[in-house]
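Visitor: I am new to this structure and would like a close look at a single part of it. Please take one contact between side chains and follow it outward from there.

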Amino acid sequence: MDVRIGLQNSPRELGFESSQTAAEIEQAVSAALSGQPLLKLTDAKGAVFVIPTSALAYVEIGSEDERRIGFVA
């Protein structure tokens, strides 16, 4: 799952691939925006991203298709 997070007052966005499903990510974002001070997501390699909800500008949840790199038959 491809995830991109925009942060307020930052020209760059945070992008990573997550092993969580789109529903799990959406649920975590909704919970964070409804009162929790932090959004906590895990990428595909196991790294944990902890983002203050006050800094969130947007969260883009991509498709679940895997990217293919190189020459594929």
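Guide: Start with Glu13 and Arg4, whose side chains meet in a salt bridge, with 3.2 Å from N to O. The model is a predicted one, and the distance is computed from it. In general, side chains of opposite charge can pair when their charged atoms come close.

How far are these two side chains covered? Glu13 has a relative accessibility of 37% and therefore counts as partly exposed. Arg4 is partly exposed too, its relative accessible area being 32%.

Arg4 has another partner. Its side chain also meets that of Glu60 in a salt bridge, here with 2.8 Å from N to O. Arg4 belongs to strand 1 and Glu60 to strand 5, so this pair ties together parts that lie 56 residues apart in sequence. Glu60 is partly exposed, at a relative accessible area of 35%. Through shared partners, the salt bridges join Arg4, Glu13 and Glu60 into one network. The structure holds 2 salt bridges.

Now look at the strands behind these side chains. An open sheet is formed by 3 strands in the order 2-1-5, with antiparallel pairing. Its edge strands are strand 2, residues 13-17, and strand 5, residues 56-61, each of which pairs on one side only. On average, neighbouring strands in this sheet are turned by 15 degrees against each other, ignoring direction. In general, the strands of a sheet pair through backbone hydrogen bonds, either parallel or antiparallel.

Strand 1 covers residues 2-7 and pairs with strand 2 in the antiparallel sense over 5 bridges. One detail leads back to the starting point: Glu13, in strand 2, is the bridge partner of Gly6. Glu13 thus appears both in this backbone pairing and in the salt bridge with Arg4.

A helix belongs to the same picture. Helix 1, residues 22-33, lies across strand 1 and strand 5, and runs at about 165 degrees to strand 5.

For a part without these charged pairs, turn to Leu38, Val48 and Val50. Together they form a nonpolar patch on the surface, with about 250 Å² of accessible area. Leu38 lies in strand 3, which spans residues 38-42. Its relative accessibility is 43%, so Leu38 counts as partly exposed.

Technical notes: Residues numbered from 1 in each chain as written. Predicted model: local features only at pLDDT ≥ 70, side-chain atom pairs only at ≥ 80, totals over all residues. Heavy atoms only, no water. Pairing = 2+ DSSP bridges. Helix = DSSP H or I, 4+ residues; strand = E, 2+ residues; numbered from the N terminus. Axes fitted to C-alpha atoms, helices over the stretch in contact; angles between N-to-C directions. Contact = heavy atoms within 4.5 Å. Patch = residues over 30% accessible without salt bridge, like charges linked within 9 Å, V, L, I, M, F, W, Y side chains within 5 Å. Areas by Shrake-Rupley, 256 points an atom, 1.4 Å probe, with all protein chains shown as cover. Salt bridge = Lys/Arg side-chain N within 4 Å of Asp/Glu carboxyl O. Buried < 20%, exposed > 50% of the residue type's maximum accessible area, 1.4 Å probe, protein only.
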